[in-house]
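Visitor: Please take a close look at one part of this assembly: the sheets and the contacts between chains that go with them. I would like one connected account.

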4 protein chains.
Amino acid sequence: MNITLDQAEKMIAAAKVKAVALNTKMNITVVDAGANMVAFARMDGAWLGSADISLKKAKTARFFDMNTGIIGSLSQPGGALFNIEHSNGGLITFPGGVPVQNAAGEIIGAIGVSGSTVENDHAVAAAGALAV
Amino acid sequence: MNITLDQAEKMIAAAKVKAVALNTKMNITVVDAGANMVAFARMDGAWLGSADISLKKAKTARFFDMNTGIIGSLSQPGGALFNIEHSNGGLITFPGGVPVQNAAGEIIGAIGVSGSTVENDHAVAAAGALAV
Amino acid sequence: MNITLDQAEKMIAAAKVKAVALNTKMNITVVDAGANMVAFARMDGAWLGSADISLKKAKTARFFDMNTGIIGSLSQPGGALFNIEHSNGGLITFPGGVPVQNAAGEIIGAIGVSGSTVENDHAVAAAGALAV
Amino acid sequence: MNITLDQAEKMIAAAKVKAVALNTKMNITVVDAGANMVAFARMDGAWLGSADISLKKAKTARFFDMNTGIIGSLSQPGGALFNIEHSNGGLITFPGGVPVQNAAGEIIGAIGVSGSTVENDHAVAAAGALAV
């Protein structure tokens with residue numbers, strides 16, 4: 001199973017609603033089961049540098065089928081996965097990337113959000129993931 | 001002046017309508033006045049490799065403020081801009097990238113489309129650009 | 001649908017048989033429906049530089065769901081897709097990349113072969129693709 | 001002396017047996033004495049992001065002729081090789097990369113494994129290295 005553009009656009013719409021509720025401006029990327037980009041939106045005034053971060057968060061979440069923040073907790077100095085960020089053309093391992101599952105529990109893609117605190121980034125990504 | 005996300009999403013919506021009318025499946029990217037990505041959509045079943053091409057077409061159109069096909073006519077062997085494609089991390093210079101102007105005639109961004117013949121790609125990009 | 005490792009290994013085995021029959025030494029890559037690598041083999045004495053070429057051929061075939069040589073016929077000077085090779089981190093558009101279908105006709109991946117003439121490369125890739 | 005494809009495939013087969021015994025799904029790469037890829041396999045359902053990590057572990061192990069985890073112990077903040085991961089297009093320095101020796105004790109290549117805990121990754125890589 002793979003995510004559809006209709007699902008991805010619903011995710012971005014839900015993520016934007018959450019971003020506005022949090023008074024933030026976000027970059028939002030959705031990738032499919034193959035970690036290939038399906039949809040993207042940068043809200044007006046959102047940080048330019050967060051576009052690539054949102055993409056790398058979405059890819060990272062699908063690459064390892066877990067929230068990006070979990071990887072970041074393992075990639076710290078002295079951690080088991082120190083400097084894993086050098087792989088795959090650059091990972092982003094702080095919160096804001098979330099895998100997306102269908103009703104059957106299969107991972108069909110991932111969403112990555114960047115533009116505010118990592119807590120807000122994660123909250124917006126989670127809101128988007130719930131829209132599937 | 002810079003393109004807004006609302007304008008970019010209207011452009012993508014208009015481009016999708018044109019793509020369906022032409023019985024094609026397209027990747028569509030909109031960039032802003034700074035050549036930075038604002039919005040992207042890959043229609044279900046569209047070629048995976050056309051995502052990057054649509055982005056490079058949009059960037060190329062804004063980098064030089066002209067339709068990508070014009071640059072391609074100058075980048076052929078013996079032409080004035082032979083192999084300009086090597087710059088900027090890779091240009092795409094065949095048709096499908098179109099600058100976007102506001103009512104005052106200022107260029108506020110660009111749209112790039114890939115997924116079919118270059119004639120169809122350009123037609124869909126032009127339809128999107130008209131939605132501003 | 002996505003290709004399995006078992007299928008990919010059968011494809012590589014069949015490709016190796018064909019490569020030996022043609023008295024060649026090949027690099028063989030199989031990618032899945034998301035254009036991600038599933039399996040690879042470099043036959044003893046095969047060109048080192050052909051490993052990346054076989055990967056890029058496999059990716060290119062899946063990126064556009066057609067044999068790589070078809071793209072190459074369109075990317076020549078004066079052609080509709082001149083210099084498309086600059087996209088996606090580098091395409092290879094001469095023969096040797098072939099999409100792989102399942103019994104239902106769905107594209108589930110692709111195979112790329114490099115190490116001899118493009119005619120031999122394509123023949124070995126086609127033999128591999130038939131093993132699914 | 002250099003590793004052969006037959007040896008590399010035996011290593012991957014042995015690594016897969018160990019991976020199944022540990023109830024894991026692994027990406028496994030074998031490189032030769034020149035740190036060039038010889039063979040690769042991604043087990044069904046293994047993390048997509050671990051393909052590149054398994055390659056970088058194999059390369060790292062051969063680049064320095066030692067287990068990757070040893071390098072990681074020296075690349076921590078304050079360590080002698082802090083951030084060595086920035087070299088060679090990206091190193092991976094946590095466990096899972098192991099050099100491969102022939103009967104004469106010569107290093108003829110390396111194996112890299114990624115897809116589970118670093119302990120499991122190393123155990124599978126070591127099992128593969130023993131198959132030579």
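Guide: What follows goes through one sheet and its helices, then the other sheet, then the two interfaces. The model is predicted.

Start with the sheet that chains A and B build together. It is open and has eight strands, in the order β3(A)-β4(A)-β1(A)-β2(A)-β2(B)-β1(B)-β4(B)-β3(B), and its pairing is antiparallel. The edges are taken by β3 (97-101) of chain A and β3 (97-101) of chain B; each has a single partner strand, so one side of each is left without a neighbour in the sheet. On average, neighbouring strands here are turned by 20° against each other, direction ignored.

Within the chain B half, β1 (residues 27-32) and β4 (residues 107-114) run antiparallel and are joined by six bridges. In this pairing B:V31 stands opposite B:A110 of β4(B). Helix α2 (residues 50-64) of chain B packs on the sheet, where it touches β1, β2 (37-42), β3 and β4 of chain B, and its direction makes about 150° with that of β4(B). In the chain A half, helix α4 (residues 118-129) lies across β3 and β4 (107-114) of chain A and runs at about 145° to β4(A).

Chains C and D supply the other sheet. This open sheet of eight strands is ordered β3(C)-β4(C)-β1(C)-β2(C)-β2(D)-β1(D)-β4(D)-β3(D), with antiparallel pairing. At its edges stand β3 (97-101) of chain C and β3 (97-101) of chain D, each with a single partner strand, so one side of each lacks a neighbour in the sheet. The average turn between neighbouring strands of this sheet is 20°, direction ignored.

In chain D, five bridges connect β1 (residues 27-32) with β2 (residues 37-42), and the two strands run antiparallel. D:T29 stands opposite D:F40 of β2(D). Helix α4 (residues 118-130) of chain D packs on the sheet through contacts with β3 and β4 (107-114) of chain D, and its direction makes about 145° with that of β4(D). In chain C, helix α4 (residues 118-129) lies across β3 and β4 (107-114), at about 145° to β4(C).

The interfaces link a chain of one sheet to a chain of the other. How large is the area that chain A and chain D bury between them? The value is about 1,400 Å², with 66% of it on carbon and sulfur atoms. The contact draws 18 residues from chain A and 19 residues from chain D. A:F64, A:F82 and A:H86 account for 38% of the area that chain A buries against chain D, more than any other three residues. By class, the chain A side has 10 nonpolar, six polar and two charged residues. The rule finds zero salt bridges between chain A and chain D, while nine residue pairs are in polar contact, both at pLDDT 80 or more.

For chain C and chain B, the buried area is about 1,400 Å², 65% of it on carbon and sulfur atoms. Here 18 residues of chain C are in contact with 19 residues of chain B. On the chain C side, C:F64, C:F82 and C:H86 supply 38% of the area buried against chain B, more than any other three residues. That side consists of 10 nonpolar, six polar and two charged residues. Between chain C and chain B there are zero salt bridges by the rule and nine residue pairs in polar contact, both at pLDDT 80 or more.

Technical notes
Residues are numbered from 1 along each chain as its sequence is written. Chains are lettered from A and ligands numbered from 1 in the order in which they are written. This is a predicted model: local features need pLDDT of at least 70, side-chain atom pairs count only at pLDDT 80 or more; totals for chains, interfaces and linings use all residues. Side-chain values use heavy atoms; hydrogens and water are left out. Contact means heavy atoms within 4.5 Å. Buried area is the accessible area (1.4 Å probe) that two parts lose on being put together, summed over both. A salt bridge is a side-chain nitrogen of Lys or Arg within 4 Å of a carboxyl oxygen of Asp or Glu. A polar contact is a pair of N or O atoms within 3.5 Å; within protein, one must be able to donate a hydrogen and the other to accept it, and residues adjacent in sequence count only if both atoms are side-chain atoms. Ala, Val, Leu, Ile, Met, Phe, Trp, Tyr, Cys and Pro count as nonpolar, Asp, Glu, Lys and Arg as charged, and the others, Gly among them, as polar. Two strands pair if DSSP finds at least two bridges between them. Helices (H or I, at least four residues) and strands (E, at least two) are DSSP runs, numbered from the N terminus. Axes are lines fitted to C-alpha atoms, for helices over the stretch in contact, and angles run from 0 to 180 degrees between N-to-C directions.
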